[in-house]
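Trainee: I would like to go through this model and ask how each label is earned.
Mentor: Good. Ask, and we will set each value against its definition.

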Amino acid sequence: MENSEEDSWTPKSETCVESLPHCCSACDNRESLIPGKTFRKPKARSMSTSAVPSCAEFRRTQSLHGPSPVTTFGPKACMLKNPKAVMHIQDPASQRLTWNKPPKSVLVIKKIQDVSLLQPFKELCIFLTEQKNMIVYVERKVLEDPAIANDESFVAVKKNFCTFREDFDDLSNRVDFIICLGGDGTLLYASSLFQESVPPVMAFHLGSLGFLTPFNFDTYQSQVTQVIEGNAAIILRSRLKVKVVKESREKSKTKDKNLIITNGDDEPSRKTMQYQVLNEVVVDRGPSSYLSNVDLFLDGHLITTVQGDGVIVSTPTGSTAYAVAAGASMIHPNVPAILITPICPHSLSFRPIVVPAGVELKIMLSREARNNAWVSFDGRKRQEIGHGDSITITTSCFPVPSICFRDPVNDWFESLAQCLHWNVRKKQSHLSSEEEEEF
């Protein structure tokens, strides 16, 4: 009965995208998103490259535009088409959420070990399961919290949950949208769970800063209902696709879900890891007392050598995080760009720069470097980078569709004012009549 209702259901808005469009050369060989029969599915994927014609036959032209973002988010959500769009370039202000079929499943992400979030978490889960008949996915370690595990009144609700474990379970094509309870870190964590298409994310401000969490929990029932009905504006937050190639100096004792084993005999001593990054990639000097010394390449050309505490490569979303603390400009998330910001450079003329979203950046340890460098991705997966290792960064074609409270512009300036107190000062008083006469 449920399937017949879904098949007969039609969205109020126009027809939306039903298949993943061509995005960029990097996406041509991506694994198709086909739901599996079992829930447990390893998240690591082997990326094989197809044969490319030789330089004599084909010469690739470099576009400064970033890859066209995928406009299908999870199994049922997509972006509403705007018939007035010119040359298939949609105005960011007109980006709205719609559904192919009514959403049935939701992932609830709660900040771990935060007592203040227990009551909102319980209220939201009861509302979703009992009033909205939603399938709720929750991380297993959230339910292992003693305050939740020992709550007898919550036992009946917990029985209906689907649980998962990070690095073990794949949520692709199982979650229709995401609700975050906490601060900006919950949105970054949600992004890390999906290495390809990301379901729409609704973030409630229950943390300390809340720059990326525009919703107030006091009105959560009406706000969630609007999202389920497809009545919401969205902003596509671009991510960075990062590939780390490392020399295998010794056998690794840990298994990384992002590890890709290289096939063939060309580079048998190398291993590759891939990440999707929402805020920034940070390369720093780590515990060493020496300056970091890394070479920065843009589209294969050496543009500079960073000598200082390190360098930040960030998205426009990440421009208001670590980058702004290091002196970068704040860039609206709808601007297609990549920011390069040095950390305490030993140079008076090394200023932060903004480059087009379509370029390929590469960071390697300089030959003259006295010590290794360290890299982290949205503050996680920190690892050491030595001589011969490389970090390649491009704009990903899988953005994070963040649901807006009002619209992308108003939400952003509201966050600047409320969270960062942008341009806050006492207003200048007007001149008195006597002072005006003096001038």
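Trainee: Before the rest, how do you know that strand 13 and strand 19 pair, and in which sense?
Mentor: This is a predicted model, in which local features need pLDDT of at least 70, side-chain atom pairs count only at pLDDT 80 or more, and totals for chains, interfaces and linings use all residues. Residues are numbered from 1 along each chain as its sequence is written, and side-chain values use heavy atoms, with hydrogens and water left out. Now the strands. Two strands pair if DSSP finds at least two bridges between them. Strand 13 and strand 19 (residues 373–377) have four bridges, in the antiparallel sense. So they count as paired. Val282, for instance, stands opposite Ser376 in strand 19.

Trainee: What makes strand 13 a partner of strand 15?
Mentor: Five bridges join them, and they run antiparallel. One bridge partner is Ser314 in strand 15, opposite Glu280. Strands here are DSSP runs of E with at least two residues, helices are runs of H or I with at least four, and both are numbered from the N terminus.

Trainee: Why is strand 13 called mostly covered?
Mentor: Five of its five residues are buried. Buried means under 20% relative accessible area, exposed means over 50%, and partly exposed lies in between (1.4 Å probe, protein chains only). Glu280, Val282 and Asp284 point one way, Val281 and Val283 the other, and all are buried. Asp284 has 14% relative accessibility, so it falls under the cut-off.

Trainee: How do you know that Arg382 and Asp284 form a salt bridge?
Mentor: The definition asks for a side-chain nitrogen of Lys or Arg within 4 Å of a carboxyl oxygen of Asp or Glu. Here the N to O distance is 2.9 Å, so the pair qualifies. The pair links distant parts of the chain: Arg382 is in strand 20 (residues 380–385), Asp284 in strand 13 (residues 280–284), 98 residues apart. Arg382 has a relative accessible area of 44%, so it is partly exposed.

Trainee: What makes Arg285 and Asp309 a salt bridge?
Mentor: Their closest N and O atoms are 2.7 Å apart. Arg285 lies in the loop between strand 13 and strand 14 (292–298), Asp309 in strand 15 (residues 301–314), and 24 residues separate them. Arg285 is partly exposed at 24% relative accessibility, and Asp309 is partly exposed at 23%.

Trainee: How many salt bridges does the structure hold?
Mentor: Eight. Another of them joins Arg270 to Glu247, with closest N and O atoms 3.2 Å apart.

Trainee: Why are strand 1 and strand 3 called edge strands?
Mentor: Three strands form an open, antiparallel sheet in the order 1-2-3. Strand 1 (72–73) and strand 3 (97–99) each pair on one side only. Strand 2 (residues 77–79) is joined to strand 3 by three bridges, and there Cys78 has Thr98 as its bridge partner.

Trainee: Why is Trp422 called partly exposed?
Mentor: Its relative accessible area is 46%, so it sits between the two cut-offs. Trp422 is in the loop between helix 9 (408–419) and helix 10.

Trainee: And what is Glu438, buried or exposed?
Mentor: Exposed, because its relative accessible area is 67%, over the upper cut-off. Glu438 is found in helix 10 (residues 433–438).
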